[in-house]
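Biologist: I am new to this structure and would love a close look at the part covered by the second annotated domain. Could you walk me through its sheets, its loops and the space enclosed there, and set it in the context of the whole chain?

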Amino acid sequence: MTNKTTKNWLMVLLGIGMFQSPAIMAQQQQADKARKSSLSIAEQPALAPVDYVNTLMGTDSKVSLSNGNTYPAVGLPWGMNMWTPQTGKNGDGWQYTYASDKIRGIKQTHQPSPWMNDYGQFSLMPISGHAEFDQDKRASWFSHKSEIAKPYYYGVYLADHHVMAEVTPTERASMFRFTFTGADSAFVVLDAFDRGSAIEVIPEKNMVIGYSSRYSRGKLPNFKNHFIIVFDKPIDNFQILEEGKKLDGKKTSGKHAGAIIGFAKSGKQQVVQAKVASSFISAEQAQLNLQELKDNSFETIKQQGRQKWNEVLGKIEIEGATDEQYRTFYSTLYRTVFFPNKLYEINKQGEVVHYSPYTGEVLPGYMFAGTGFWDTFRALYPLLNMLYPSINKEMQEGLLNCYKEGGFLPEWSSPGFADIMVGNNSASVVAEAYLKGLRGYDIETLYKALQHGANNEGPMTAVGRKGVAYYNELGYVPYDVGINENAARTLEYAYDDFAIYRLAKALKRPKEEIKLYAERSQNYKKLFDPETKLMRGKNKDGKFQSPFNPLKWGDAFTEGNSWHYSWSVFHDVQGLIDLMGGNTVFVNMLDSVFNQVPAFDDSYYRGVIHEIREMQIANMGQYAHGNQPIQHMIYLYNYAGEPWKAQYWTREVLNRMYKPTPDGYCGDEDNGQTSAWYVFSALGFYPVCPAMDQYVVGAPLFKKATIHLENGKTFTIESPSNSADNRYIKSAKLNNKTFDKNWIGHETILNGGNLAVDMDSQPNTSRGTKKESVPYSFTLDNDKY
C-alpha cells in the first residue's frame, strides 16, 4: 500500500469515527464532566443515583442458565411502555442478550420475563443503503463499546447502516433520534410483528399509524396496541409490506404488517426524529398520548426522564459504599420500579380509563399488568408499601377492577389471567397494603375478592385455589389426586389464609370468620414429617408420599425441593421450630441447608432446569437464592436465638450473588423480587412475613442509608464501623435507646428516626437471644382473636 493510499484510508477511518456516534461522544463528555464537577467529602465522585444504574445487569442469560433474564428497559417508573434494543428474533422471549452481536430493531416492550414473553410489541429500525424489511437481513452489527444504556435513554451505533439510533421515553410515548451518516439513503423500518397487525402511511402528515395484536399469554379479547409515529422530516418514499411482500397503496392489515419509510438525504449527515406513542384503547387515544411529549426537544425529554429517575431512586440515599456496591444497589432498585406497569390511560376528559384484558372493553379506573404474585408478594410489594405507597394504592384499585371484570384476582397478570405458578398470593398483596396503612379505596370489596379466591377454583389452574375442596376438607392438597405441586400449594394457601385472617381481624369481621382463617393458617403442620423434619407430600388417606427424596425438585413442590419449601411458614416460624424439636434442632436444620453438597434429583422435569443449575454452581449447598421459595430462609436464624448467622449469610449473598454486571444475578430477577431482596438486605432488614408489620433484622451493608419517606419523614440506618470484615452487629440503638430486638416495626420506620448499629468482625452471641427479641409468630400471639 502506498503512503498516499494509506493516508487516504486513514482519513476515511477518521471520518467514520467522527460521524460514528456523536451522541455517544457528547454523552461521554457529559458523564465525565458530571464526575469531575463535584466531589464528596471523602473525595469520591458524587454521582446522582441514576448514574450508578447498569441497565445491562442480568442480560448475559440464556434458556439453560439465567444470570437475571433481564433486558435493558428504557422507560419511566411504572410506565405503560418500555423500549429495548432487540437482538433476538421476533417473538423470542430472550429479546436482548448480552452475548449477541446484532440488533434487529428498537422494540416497544411490556415483557415481564422471557418465560412470559411479550404483548403488543412493535419495533423501529433505521437502515441505509438497500431498503430491507427481513429481520435477519436488516440486522446490524453493534458493540457494547458504542452503546449507552440508561434507564431514561438508549443509544447505539448500528455499524452496518452507519446510523446512531437513540430513544428517550415518557410513560406512554417516546422520542427517537436517528443520525444517518456515510450513505446516500435513509430509511426507518417499522415492524408491527405477526399474529395480526396493521399499518397505514399518511405521507402528507409525515405520519404512520397502525396496531399490533400479538400476545403470548392468556386470552385477550379485542386486544390491539395502537401506535402513531410522526416524523420531523418529510416522507420521501415508502413501501407497505404484508408478510414481507411489497404491496401497492398506503395501508395494509393482515397477519404481519410492515413498512419501510424513506427520507431524502443530502450531505454526509441526516438527522431524523420521530415521536411515537401507543394506546391499548384506540388510535385516537394513541394520538392523545402523543401529547405527553408536548413540543419538547429530544434533550429536554431525556433530562426530564433523568430527573424522574433520580426522584424515584433517590428515595434511598446511601453513603460509604464501594463503587461496586453503589452500582449494584441502584441497579437493583431500578429493577423494582417497573412492574406491575400501568395499563391505564388518561382520556380527553382527563379521566383514568383502561382497556380490560378480562372483558375487552374500555372501562373507567386503574389497571396494572405484568407481575406474578408468587414471586413478588415476598419483597417487592413490601418495598412498594415502604417507599412508594401512593403507587401501590393505585395498584390496589387496579386489583379491584381485575376482580370486578374477571371474577377473580389474578395471580399472574400478563396482562390478564396467565395460567402459571401456584398459590393464592393475591391475599398477601391485598392484606399487606391495608395492614400497612393504605386507605382510600374499597377494601371491603377486595376482602370479598380474597374470600372468593380462597374458597373457589378459578377459570384456570393458577387462579383461585386449585384443589380447594381437598384443602378445606383435609387441610392439605393431596399428593395422589392428580394435582401437581400439591405440597407447595398447601404451604402457600396456609400463609395466604394467615393474610386473610389478619385483614379480617383489622376489618372487624365476625369472630367465627376470623377464627376460620386463623385455623386454616395452621394447615402447614399437616405436611410436616417428623421423621425427616421436612415438609412432605401427603396422600388422600393421610399417609405420606412414598418413596420420598427431599432433593427431588418439582413433583410435590414448585421449582424447588423439600429443603427449599420446608421453611415456607412465614407467619409461624415458632410453630415450625416446635415441630422440629426446638431451637437447637431448628438451627441445625438451617445449617444443613448450607452444609450439604448441591445434589439434586431432576427426574420430575426429565432434565436439569435452569433453577437447578443455578443452585448447583453457586457453591452454597442446597441454598438456591436464584429462585424465590428459599430467599427468606436466612433470616429465620433470628427466631431461634442465633441472629449472627443471619448476619453472616446475608452478607455472603449480598457479596457473592449480586454484581452490577451482565451476569450480575444468580437466577431470574423476576419483576423486582430478587432485586428487592438486595435492597432490603443491604439496608439491614427483610419482610419475612409481609402480612405482618415487622421487618426481620439482618445487618446493614453500608455505613449510612437514609430512607426518604413519602410522608416527608426520614429514617436513617448508620453503621460507621461497617466494613468488609465487620459484618456482625455488636450493639444497636434505635432513636438513642438500646435496641436488642431481631425485628423493627413498619410504623417505627414510617415515623422516622435513626437506627445506629455498631459493627464488629466477631459475632455477638448474646445480643438478640432473648425470648422477647424474636419476631412475630402466630404460635406466640396472645391476642389471636
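What follows is a guided look at that part, starting from the chain as a whole.

Modeller: Happy to. Please keep in mind from the start that this is a predicted model. The mean pLDDT of the protein chain is 94, and 94% of its residues reach 70 or more. Residues 1-45 are another matter: pLDDT stays under 50 there, and the model has 39 contacts beyond four places in sequence for them.

Two stretches carry domain names from a record. UniProt, in an unreviewed entry, lists "domain: Glycosyl hydrolase family 92 N-terminal" at residues 52-279. That span is 2% helix and 45% strand, with its end C-alpha atoms 32 Å apart. Your part is the other one, which the UniProt annotation (unreviewed entry) calls "domain: Glycosyl hydrolase family" and places at residues 285-760. Here the chain is 39% helix and 13% strand, and 59 Å separates the end C-alpha atoms.

Let us take the sheets. One is an open sheet of six strands, in the order β19-β31-β32-β36-β33-β34, with mixed pairing. Its edges are β19 (316-319) and β34 (737-738); each has a single partner strand, so one side of each is left without a neighbour in the sheet. Further in, β31 (residues 704-708) runs antiparallel to β32 (residues 714-718), and five bridges link the two. To find one of these bridges, look at A705, whose partner in β32 is I717.

Another open sheet has three strands, ordered β29-β30-β35, and its pairing is antiparallel. The edge strands are β29 (685-686) and β35 (743-745), and because each has a single partner strand, one side of each lacks a neighbour in the sheet. Between β30 (residues 694-697) and β35 there are three bridges in the antiparallel sense. One to look for joins Q694 to G745 of β35. As a general point, strands of a sheet pair through backbone hydrogen bonds, either parallel or antiparallel.

Now for the loops. S414 and P415 are joined by a cis peptide bond, with omega about -5°. You will find P415 in the loop between β26 (412-413) and α10 (426-435). A cis peptide bond also joins S546 and P547, where omega is about 0°. P547 sits in the loop between β28 (534-535) and α15 (562-565).

Next comes the enclosed space. The model holds eight cavities of 30 Å³ or more. The second largest has about 100 Å³ of space. It is lined by 13 residues, and P340, F368, F373, Y381 and L399 are the closest to its centre. Two elements, β24 (368-369) and α9 (389-406), give two or more residues to this lining. Of these, α9 gives the most, with four residues. By class, the lining of the second largest cavity has 10 nonpolar, three polar and no charged residues.

The largest cavity makes a useful companion, at a volume of about 140 Å³. It has 17 lining residues, and those closest to its centre are N69, T70, P112, E669 and N671. Its lining has six nonpolar, seven polar and four charged residues. N69 deserves a glance for its backbone too: its phi is positive, about 55°, although N69 is not a glycine. N69 belongs to the loop between α2 (22-37) and β1 (82-86).

Methods. Residues are numbered from 1 along each chain as its sequence is written. This is a predicted model: local features need pLDDT of at least 70, side-chain atom pairs count only at pLDDT 80 or more; totals for chains, interfaces and linings use all residues. Side-chain values use heavy atoms; hydrogens and water are left out. Two strands pair if DSSP finds at least two bridges between them. On a 1 Å grid over the protein atoms alone, a cavity is a set of points where a 1.4 Å probe fits but cannot get out, and a pocket is an open set with protein on both sides within 12 Å along at least five of seven lines; lining residues have an atom within 4 Å of a point. Grid points are joined across faces, edges and corners, and a volume is the space filled by probe spheres set on the points. Ala, Val, Leu, Ile, Met, Phe, Trp, Tyr, Cys and Pro count as nonpolar, Asp, Glu, Lys and Arg as charged, and the others, Gly among them, as polar. UniProt positions are given in the numbering used here, feature names are shortened, and annotations may be inferred rather than shown by experiment. pLDDT is the predictor's confidence in each residue, from 0 to 100. Contact means heavy atoms within 4.5 Å.
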